[in-house]
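Colleague: I'm new to this one, so could you walk me through it and tell me where each label comes from?
Modeller: Sure, have a look first and then ask away.

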Amino acid sequence: MFHIELHNDFWLFVIIFMLHDFEEIITVENWSKKTKHLVKNTNSNLKLLI
């Protein structure tokens with residue numbers, strides 16, 4: 001059976017989490033441009049960030 005040490009589990013989690021965050025950082029600009037009109041029409045604190 002395949003066995004992963006605890007410290008390897010931790011680093012694997014960190015790497016996967018960072019990859020996921022980087023993907024969101026890369027795509028958020030394009031998403032904000034596409035949905036800017038929707039965000040402007042809401043009463044949300046999110047529009048302060050865009």
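Modeller: Let's start with area: accessible areas come from the Shrake-Rupley method with a 1.4 Å probe, and for residues only the protein chains shown count as cover. On that basis the protein chain exposes about 5,000 Å², with carbon and sulfur atoms supplying 67% of it. This is a predicted model, where local features need pLDDT of at least 70 and side-chain atom pairs count only at pLDDT 80 or more, while totals for chains, interfaces and linings use all residues. Residues are numbered from 1 along each chain as its sequence is written, and side-chain values use heavy atoms, with hydrogens and water left out.

Colleague: What makes up the secondary structure of the protein chain?
Modeller: One helix and zero strands. Helices (H or I, at least four residues) and strands (E, at least two) are DSSP runs, numbered from the N terminus. Helix α1 covers residues 6-40.

Colleague: Why is Ser32 called buried?
Modeller: Buried means under 20% relative accessible area, exposed over 50%, and partly exposed in between (1.4 Å probe, protein chains only). Ser32 has 14% relative accessibility, so Ser32 counts as buried. Thr35, at 15%, is buried too. Of the 50 residues of the protein chain, 6% count as buried.

Colleague: What do the side chains of Ser32 and Thr35 reach?
Modeller: A polar atom of the Ser32 side chain lies 2.8 Å from the backbone oxygen of Glu29. The Thr35 side chain reaches the backbone oxygen of Trp31, also at 2.8 Å. Ser32 is in helix α1, and so is Thr35.

Colleague: How do you know that Lys33 and Glu29 meet in a salt bridge?
Modeller: The rule asks for a side-chain nitrogen of Lys or Arg within 4 Å of a carboxyl oxygen of Asp or Glu. For Lys33 and Glu29 the N to O distance is 3.6 Å, and that makes a salt bridge. The count by this rule is one. The two residues are four apart in helix α1, so about one helical turn separates them. As for Lys33, its relative accessibility is 60%, so Lys33 counts as exposed.

Colleague: Why is the pair of Phe10 and Trp11 called edge-to-face?
Modeller: Rings of Phe, Tyr and Trp (its six-membered ring) pair if their centres lie within 6.5 Å; planes under 30 degrees apart count as stacked, over 60 as edge-to-face and the rest as tilted. There are two aromatic pairs by this rule. In one, the centres of Phe10 and Trp11 are 5.3 Å apart and the planes stand at 75°, so the pair is edge-to-face. Phe10 itself is partly exposed at 48%.

Colleague: And what makes Phe13 and Phe17 stacked?
Modeller: Their rings are 6.2 Å apart, centre to centre, with 25° between the planes. Both lie in helix α1, four residues apart, about one turn of the helix. Phe13 has 56% relative accessibility, so Phe13 is exposed, whereas Phe17, at 43%, counts as partly exposed.

Key: Polar contact = N/O pair within 3.5 Å; in protein donor to acceptor, adjacent residues only side chain to side chain.
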